Amino acid sequence: MTVSNEDELDGLKEIGRIVANTMHAMARAMEPGLTTRELDAIGAALLERDGAVSAPQSTYGFPGATCISVNEEIAHGIPGDRVIALGDMVNIDVSASKNGFFADTGATFTVGPLPASLETLRRDGKRAMNIGIAQVGTGKPLAGIGNAIGQFAERRGYTLIRNLASHGTGRALHEYPEEIATWPTRSDRRRIERGMVMTVEPFLSRGGIWAADGDDGWTLYSEPHAPTVQFEHTVVATDRGAIIVTRPDLAS
């Protein structure tokens, strides 16, 4: 999608606010003993209350309103009977649509304190996302996003999952540009157009290179096995940089 007027931008901001509020409310509700199915039910109720439709359910038939990935699961975790425990690292990914507009957001949260190395990874995962967002603007190279994130990751001794990319969104969950690398690449010559809507969502890891399929057909794991975090915003490119549409009403 390319935003061409204020009404379209307002529509994106509305659904962006809804998915952000939902994700942060789910994070606040997490506690030891809660199952991921129960956590997903909280998200589903919030989306329904705000008139939004789960994008993974409506687009792909995903068996949950949201994706919840715990510890060794890095993406597309199916809500189920898994019990959240103290010390878990939980990624919550919420994408939804309303009035024909789609937005997508995600973040890795913790249940209680983490070892210092994992807390640093989580903090740096958010930094990596923000470094990528800083490369979004009219006329800039799409590859600049992954190149900047890659430089940061290399300096800090991290790896990046190289088959889970950012993507265009706005009028569908996934649309042109279908794949935007969040790792260094030299082959992509595309430029960012004014008003382009996209996600920025690096998967920062302490050794993982690829996302590998699990047995359930949805859940993804790092290969090689390593701690991995993901942070994601939906943004709109402008002449002055990126507008982040997936902001909650109140900072969480």
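Helices and strands are taken here as DSSP runs, numbered from the N terminus. With that in hand, the predicted model can be toured from its backbone geometry to its open and enclosed spaces.

A good place to start is histidine 76, which sits in the loop between β3 and β4. Its phi is near 60°, a positive value in a residue other than glycine. Most residues other than glycine have a negative phi, and most peptide bonds are trans. Two peptide bonds are worth a look in that light. Tyrosine 176 and proline 177 are joined by a cis peptide bond with omega at about -10°, and proline 177 belongs to strand β8. A cis bond also runs from glutamate 223 to proline 224, where omega is near -5°; proline 224 lies in the loop between β12 (220-223) and β13.

Histidine 76 comes up again in the largest pocket, which holds about 520 Å³ of space. Of the 29 residues that line this pocket, Tyr60, His76, Leu164, His167 and His174 lie nearest its centre. Two or more lining residues come from each of α3 (55-60), β2 (67-70), β3 (73-75), β4 (89-98), β7 (166-168) and β8 (175-180). Strand β4 is the greatest contributor, giving three residues. By class, the pocket lining comprises 12 nonpolar, 10 polar and seven charged residues.

The model also contains one cavity of 30 Å³ or more, with about 60 Å³ of space inside. Among the residues lining this cavity are Ser69, Asn71, Glu73, Ile74, Met89, Val90 and Asn91, together with Thr108, Phe203, Thr228, Val229 and Gln230. The elements that supply two or more residues to the cavity lining are β3, β4 and β13 (228-230). Five of the lining residues are nonpolar, six are polar and one is charged.

Turning to helix packing, two packed helices are described by the angle between their axes and the distance between the axes. For helix α1 (residues 6-29) and helix α2 (residues 36-49), the angle is about 150° and the axes are 9 Å apart. Angles over 145 degrees count as roughly antiparallel, so α1 is roughly antiparallel to α2. Their crossing is right-handed. On the α1 side, the contact is made by Ile18, Thr22, Ala25, Met26 and Ala29, which meet Leu39, Asp40, Ile42, Gly43, Leu46 and Leu47 of α2. The residues of this contact divide into eight nonpolar, two polar and one charged.

Technical notes. Residues are numbered from 1 along each chain as its sequence is written. This is a predicted model: local features need pLDDT of at least 70, side-chain atom pairs count only at pLDDT 80 or more; totals for chains, interfaces and linings use all residues. Side-chain values use heavy atoms; hydrogens and water are left out. On a 1 Å grid over the protein atoms alone, a cavity is a set of points where a 1.4 Å probe fits but cannot get out, and a pocket is an open set with protein on both sides within 12 Å along at least five of seven lines; lining residues have an atom within 4 Å of a point. Grid points are joined across faces, edges and corners, and a volume is the space filled by probe spheres set on the points. Helices (H or I, at least four residues) and strands (E, at least two) are DSSP runs, numbered from the N terminus. Ala, Val, Leu, Ile, Met, Phe, Trp, Tyr, Cys and Pro count as nonpolar, Asp, Glu, Lys and Arg as charged, and the others, Gly among them, as polar. Axes are lines fitted to C-alpha atoms, for helices over the stretch in contact, and angles run from 0 to 180 degrees between N-to-C directions. Angles under 35 degrees count as roughly parallel, over 145 as roughly antiparallel, 65 to 115 as roughly perpendicular and the rest as oblique. A crossing is left-handed if the near helix is turned anticlockwise from the far one by less than a right angle, and right-handed if clockwise. Contact means heavy atoms within 4.5 Å.
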